[in-house]
Amino acid sequence: MDSQTALDILLKLVAITVAFTVVLLIVAYTVLAERRILGFIQGRLGPNRVGPGGLLQPFADLLKFILKEDIVPDKSTRFVYFLAPVIATMAALMTMIVYPFGPEFQVPFTNIVIPLTIARFDVSLLYVLGITSVGVYGIMLAGWSSNNKYSLMGGLRASAQMISYELALGLSLIGVILLAGTLDLAQIVEMQSGWHGARWFIFFHPLGFIIYMIAAIAETNRVPFDLPEAETELVAGFHTEYSAMKFALFFLAEYINMFTVSMLATTLFLGGWNVPFAEDIFGRGTFLFGLVSALGFLLKIIFFLFLYIWLRGTLPRFRFDQLMNFGWRILLPFALLSIFITATLIFLFPNL
Amino acid sequence: MLALLFLLFAGMAIGCALAVVAQRNPLYSAISLIGVFISLACLYVTLAAPFIAAVQVIVYAGAIMVLVVFVIMLLNVEEEAHQRQRLKFLLPVAIGLAGILIAEVAFILVTVQGTPATSGGLTHLDETNVGLTQSIGSALFTQYLLPFEITSILLLMAIVGAMTLARRGMLSPNARVVPGAQVLPLSMVDPTVGHEDTRAIETDSTDEAARLLGVAELRDQSKRE
């Protein structure tokens, strides 16, 4: 191993650490934002005691989770019981490395050009889908290993739901792949630049975007698709028996999944880091261009996160048979239809 | 570096594969099998075939094994008891087959020198993009179109076959199941009809089911008896 490879590996490790830290911070504050916004929707205040306006609440929560007693059920399957939250969190975090957080830009006063992507490879979209599909095991194994019927029901529901909606999710992305002609996320974002923002794939593939959003909510087990943890029926679903830090890991995984799903929606449909008119004002490759683009990317993600919280405050939960009917009989045919429409569009206007 | 990664992932794959066979709990075997698939995917990445690696994870680890684990959880298969080994006579056969396999690998390692690319087998291909999506896609839809289509039809047949097997003697496809209600085939309330009639009804009590199916008198008789 020569010094160049060693330096590369070191740089990647630093980049991964920075990205994970930033994302975890954003996720922690998403939890706070959710509690405050839900409070606003329901006509109450929400947590506002720790720090100015409740801004330090996530750290108080973290401290509480760390200090609480960690209860392990007597008849649980020990190894799997410990493995499940680890799988859930790891699978949620692992997709983070392929997203383009911003364009390549030049560091001021030097000649160094930095890409705001940790890893770039040919099949990054498939990588994201693959890792997401492995994330199901966290929930399934948690439900099984707890040796509790409510947990088991939650785990079974979660896996059935995630398998069903993964299909519609994957199909809704095919239109984007057809439009871009590549599976590389960085290239997909590049394809959407120009036309002052009118080239985002949402305008060419709107039906696919709607289907993706619905399927993504179901994939992350959020309201109105939160049947795996429906508290009126299943106590707390698959994480009924989990406490302290292990529960916190599931909680974290859910919010990281929300974040990554929003990130994928932004990357594929809303032009990723492309901000309309940013290129004309700052010029491509400058530091300010990089900064504005990265902030634009973050803003789009925050919009999606807000949408999630808004939905949670507004919609009631589905019934399980409604969920399955909706997934297989409505979402799947419409996903196929959206592929058909987009393919026809590309066939008619090949220069799009 | 590559050799190190190869040793790591190959070791993981072999370790997990041994665990698949050695574990008594079927769920542990399934988890080990997932480990095998993921280590294999990592090996594919080191072999410059990222597409195959991604598909390996999506299809095997993400779809097939989820169903396997789902079924194990649903049936709640208990730990296999120490049963008498009925297939003991196959042990020498297995050892013999394993010996042949190892001999084959050793033979290949000894006789084949150099990779196909250097010995002139694959020179027309640029080895840097063999494993990429585009080259696989264009090969699949031009050169190997017929095998591709035949495989698709084979999979379709498997799905249709599974559906026909699962549907046999079940509710009619038009039957709607409402939670909290029971769906009863006619044969359950009226044994004289036999199992051929699979007309389904929608109700939440056996009495109402009997009335809807027009066998209320029959049921009243049997109650009185």
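This passage describes the fold of chain A in a predicted model, together with the contact that chain A makes with chain B.

Chain A contains 13 helices and two strands. The C-alpha trace of this chain spans about 60 × 50 × 50 Å along its principal axes, and its radius of gyration is 21 Å, which agrees with the value near 20 Å that a compact globule of 352 residues would have. Of the 352 residues in chain A, 46% are buried. When contacts in chain A are restricted to residues at least 6 apart in sequence, 79% of them join residues at least 24 apart.

Helix α1 of chain A, which covers residues 3–41, comprises 39 residues, and the distance from its first C-alpha to its last is 56 Å, close to the 57 Å expected at 1.5 Å a residue. Within α1(A), the residues V23(A), V27(A), T30(A), L32(A) and E34(A) are buried, and the packing partners of the buried residues of this helix are α2 (57–67), α10 (244–269) and α12 (287–314) of chain A. An α-helix has 3.6 residues a turn, so residues three or four places apart point the same way. Another residue of helix α1 of chain A is A19(A), which is classed as partly exposed because 18 other C-beta atoms lie within 10 Å, whereas 20 or more would be needed for a buried residue. Leaving aside residues up to four places away in sequence, A19(A) touches M96(A) and I118(A). The C-alpha atoms of A19(A) and T117(A) lie 9.7 Å apart in space, although the two residues are 98 residues apart in sequence. Just after α1(A), the backbone at G43(A) adopts a positive phi of about 70°.

A second helical feature involves α6(A) and helix α13 of chain A (residues 320–348), whose axes come within 8 Å and cross at roughly 10°. Since angles under 35 degrees count as roughly parallel, α6(A) and α13(A) are therefore roughly parallel to each other. Divided by class, the contact of α6(A) with α13(A) has 18 nonpolar, seven polar and one charged residues.

Backbone torsions were also examined for residues other than glycine. Most residues other than glycine have a negative phi. By contrast, N147(A) has a positive phi, near 55°, and this residue is placed in the loop between α5 and α6 of chain A. With 14 other C-beta atoms within 10 Å, N147(A) is partly exposed. A positive phi, of about 50°, is likewise found at A244(A), which is not a glycine; A244(A) belongs to helix α10 of chain A, and is partly exposed, with 15 other C-beta atoms within 10 Å.

The contact between the chains draws on 22 residues from chain A and 19 residues from chain B. On the side of chain A that touches chain B, the elements that give two or more residues are α4 (124–134), α5 (136–145) and α6 (149–180) of chain A. Among these elements, α4(A) gives the most, with six residues. By class, the residues on this side of chain A divide into 14 nonpolar, five polar and three charged. Helix α6(A) thus appears in two settings, as one of the elements on the side of chain A that touches chain B and as the roughly parallel partner of α13(A).

Notes. Residues numbered from 1 in each chain as written. Chains lettered and ligands numbered in written order. Predicted model: local features only at pLDDT ≥ 70, side-chain atom pairs only at ≥ 80, totals over all residues. Contact = placed C-beta atoms within 7 Å. Helix = DSSP H or I, 4+ residues; strand = E, 2+ residues; numbered from the N terminus. Nonpolar A, V, L, I, M, F, W, Y, C, P; charged D, E, K, R; others polar. Rg over C-alpha atoms; globule rule 2.2 N^0.38 Å. Buried ≥ 20, exposed ≤ 12 C-beta atoms within 10 Å, placed from the backbone. Expected span 1.5 Å × (residues − 1). Axes fitted to C-alpha atoms, helices over the stretch in contact; angles between N-to-C directions. Parallel < 35°, antiparallel > 145°, perpendicular 65-115°, else oblique.
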